[in-house]
Amino acid sequence: MEIVNKFSLNILSRSANEGFARSTVAAFASQLDPTLEEINDIKTAVSEAVTNCIVHAYREGLGKIYITGEITNTGVIKIKIRDNGCGIENVSKAMEPLFTTVGGERAGLGFAVMQSFMDSIRVRSRVGGGTTVTLVKKIAPRYSVNG
């Protein structure tokens with residue numbers, strides 16, 4: 001599997017930047033000629049991951065969110081969303097549907113939503129050291145390059 005294109009984006013953990021990150025990743029993914037459903041899946045998963053950084057990682061103020069993306073020659077897109085925030089004490093528990101540390105209007109479905117829309121998701125975190133969410137999706141080819 002060879003990387004054929006990649007990007008890197010750094011944003012502040014402001015709510016206004018969630019849409020920007022989502023649109024940027026969607027524009028990058030568009031070179032794979034995804035269906036509307038596939039592009040919406042990617043946008044939703046990215047939105048959830050970035051929102052987690054904004055709401056949970058940097059509760060006490062602003063921080064940076066680092067987003068990278070890669071596309072392979074096999075039509076796979078891999079997106080990493082990383083923060084240097086507070087980290088997640090128990091990743092397994094945090095990934096359970098309806099679990100939230102914030103309460104209020106937060107439903108605790110972020111990771112479940114990401115899992116439902118992507119082929120795979122990996123979460124690595126260290127308390128006090130931040131979190132990295134890796135999202136992977138295979139985009140089915142629409143046409144033959146040789147045909």
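Start with the cysteines: the structure holds 0 disulfides. A disulfide is a covalent bond between the sulfur atoms of two cysteines. Keep in mind throughout that this is a predicted model.

Select Cys53. With a relative accessibility of 4%, Cys53 counts as buried. Next select Cys86, which at 31% relative accessibility counts as partly exposed.

**The nonpolar core**

Now move to the interior. In soluble globular proteins, nonpolar side chains tend to be buried together. The largest nonpolar core here has 35 residues. To find its best-connected members, select Ile42, Val50, Ile65, Ile67, Ile79, Ile81 and Leu135, which touch the most other members.

Then colour the elements that give two or more residues to this core. The helices are α1 (16-29), α2 (36-57) and α4 (110-117). The strands are β1 (3-12), β2 (64-72), β3 (76-83), β4 (120-126) and β5 (130-138). Helix α2 gives the largest share, 9 residues.

Stay with Val50 and show what surrounds it. Leaving aside residues up to four places away in sequence, Val50 touches Ile11, Glu18, Ala21, Ile65, Ile67 and Ile81. Of these, Ile65, Ile67 and Ile81 are also among the core residues that touch the most other members. Glu18 is the residue to follow to the next stop.

**The salt bridges**

How many salt bridges does a search of the whole structure find? The search finds 2. Side chains of opposite charge can pair when their charged atoms come close.

Select Glu18 together with Arg22. Their side chains meet in a salt bridge, with 3.9 Å from N to O. Both residues lie in helix α1, 4 residues apart, which is about one turn of the helix. Is each partner buried or partly exposed? Glu18 is buried, at a relative accessible area of 17%, while Arg22 is partly exposed, at 31%. The two fall into separate classes because buried means under 20% relative accessible area.

For the other pair, select Lys137 and Asp41. Here the side chains meet in a salt bridge at 3.4 Å, N to O. Which parts of the chain does this pair link? Lys137 is in strand β5 and Asp41 in helix α2, 96 residues apart, so the pair links distant parts of the chain. Lys137 is buried, with a relative accessible area of 8%. Asp41 also counts as buried, at 12% relative accessibility.

To finish, display helix α2 and strand β5 together: each gives two or more residues to the core, and the salt bridge between Lys137 and Asp41 joins a residue of β5 to one of α2.

Note on methods. Residues numbered from 1 in each chain as written. Predicted model: local features only at pLDDT ≥ 70, side-chain atom pairs only at ≥ 80, totals over all residues. Heavy atoms only, no water. Core = buried A, V, L, I, M, F, W, Y, C linked by side-chain atoms within 4.5 Å. Buried < 20%, exposed > 50% of the residue type's maximum accessible area, 1.4 Å probe, protein only. Contact = heavy atoms within 4.5 Å. Salt bridge = Lys/Arg side-chain N within 4 Å of Asp/Glu carboxyl O. Disulfide = S-S within 2.5 Å.
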